[in-house]
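Hi,

Here is the structure I promised to send over. Have a look at it first, and then read on for what turned up.

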Amino acid sequence: MTGRPEAPEVTPGPLVDDAEIPPWLRPLTGNVTAVSDSVNNRGGNRTRIAMMLQGGRRRSAAVLILFAGSWDLDPTYPGGLPADAEVLLLQRASSLRQHSGQVAFPGGAHDEGESFPVQTALREATEETALDPTTVRVLATLPSFPVPPSGFDVVPVIGFWHSPGEVYAVDAAETALVARVNLRELLSADNRFQVQRKVMGGNVYKGPAFMVDGLLVWGFTGGLLDAISDAAGWDVPWDHSDVRPLDAAIASAARSADVEGRPR
């Protein structure tokens, strides 16, 4: 897009030695293409093809997928995911024109002069959540994913929060809420389903979703978390046939947020 610098090509993969990566994250960082394979297996290639047919240069962006938790594996849980494992998420302000009220990873567009995608992801996370970047060990980058509604080509950056600190919504006009979400709760079969949106009786969107602590995680973020869990081996069986209208799921999340007194 005009006025945006072109980011360099990124080779996905680990950025540090295995010894610097928690064992429960190594299946993910050691085979990053498994995430894109998981997305494509449920139809993600259609999105890429649609973006190619649209033509034009897409804007480069990065998101920070920041995990925290104990170092050691828990042999009682799939993939050894520890009980205190968390992921950092935020909820967009409801007043935004695009993605209003949606749950997302911290992130945004590449700026000229910064190292892409790591510096982009860390800068955006700092601006949105007050994250101290010195407390983060950057582990790997995933393959990029197109996001047609916004015209971005997004590179996910995987990080481990070795010294978690305070985070909060820096700008209420942009961000309603910042949350450290427990991964086991997020991945619980009770909190997983699919959402679909229909227009004139035809499906225009169907994908994985999560409902936890009054937050509905769907779209790009929900699909990526679903693929990451699959690739890392953290999945527990859940009912893929539980498909709910997107509008109803959004309304249910809003009611839960009201009960809990959370912003939305």
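One bit of vocabulary before the helices: an angle between axes under 35 degrees counts as roughly parallel, over 145 as roughly antiparallel, 65 to 115 as roughly perpendicular, and the rest as oblique. Please also keep in mind that this is a predicted model.

So how do H2 and H6 sit relative to each other? Helix H2 covers residues 33-41 and helix H6 covers residues 219-232; their axes cross at roughly 120° and come within 8 Å. That angle falls outside the ranges above, so H2 and H6 are oblique to each other. The crossing of H2 past H6 is right-handed.

On the H2 side, the residues in contact are Ala34, Val35, Ser38 and Val39, and on the H6 side they are Leu224, Ala227, Ile228, Asp230 and Ala231. Sorted by type, the residues of this contact come out as seven nonpolar, one polar and one charged.

Now the aromatics. Searching the whole structure gives seven aromatic pairs. One of them is Trp24 with Phe160, an edge-to-face pair at 6.4 Å centre to centre with 75° between the planes. Trp24 is in the loop between strand E1 (13-14) and helix H1 (26-29), while Phe160 is in strand E8 (residues 152-161), so this pair ties together parts that are 136 residues apart in sequence. Are these two rings buried or exposed? Buried means under 20% relative accessible area. Trp24 is at 0%, so it counts as buried, and Phe160 is buried too because its value is 4%.

Another pair to look at is Phe145 with Phe220, also edge-to-face, at 6.4 Å centre to centre and 65° between the planes. Phe145 belongs to strand E7 (residues 145-147) and Phe220 to helix H6, so to speak of distant parts of the chain: the two are 75 residues apart. Phe145 is buried, with a relative accessible area of 6%, whereas Phe220, at 26%, counts as partly exposed.

Trp24 and Phe160 turn up again in a cluster: ring pairs link them with Phe67, Trp71 and Trp234.

For the overall picture, the protein has seven helices and 13 strands. Of its 264 residues, 49% are buried. Among contacts between residues at least 6 apart in sequence, 67% join residues at least 24 apart.

Cheers

Definitions and conventions: Residues are numbered from 1 along each chain as its sequence is written. This is a predicted model: local features need pLDDT of at least 70, side-chain atom pairs count only at pLDDT 80 or more; totals for chains, interfaces and linings use all residues. Side-chain values use heavy atoms; hydrogens and water are left out. Axes are lines fitted to C-alpha atoms, for helices over the stretch in contact, and angles run from 0 to 180 degrees between N-to-C directions. Helices (H or I, at least four residues) and strands (E, at least two) are DSSP runs, numbered from the N terminus. A crossing is left-handed if the near helix is turned anticlockwise from the far one by less than a right angle, and right-handed if clockwise. Contact means heavy atoms within 4.5 Å. Ala, Val, Leu, Ile, Met, Phe, Trp, Tyr, Cys and Pro count as nonpolar, Asp, Glu, Lys and Arg as charged, and the others, Gly among them, as polar. Rings of Phe, Tyr and Trp (its six-membered ring) pair if their centres lie within 6.5 Å; planes under 30 degrees apart count as stacked, over 60 as edge-to-face and the rest as tilted. Buried means under 20% relative accessible area, exposed over 50%, partly exposed in between (1.4 Å probe, protein chains only).
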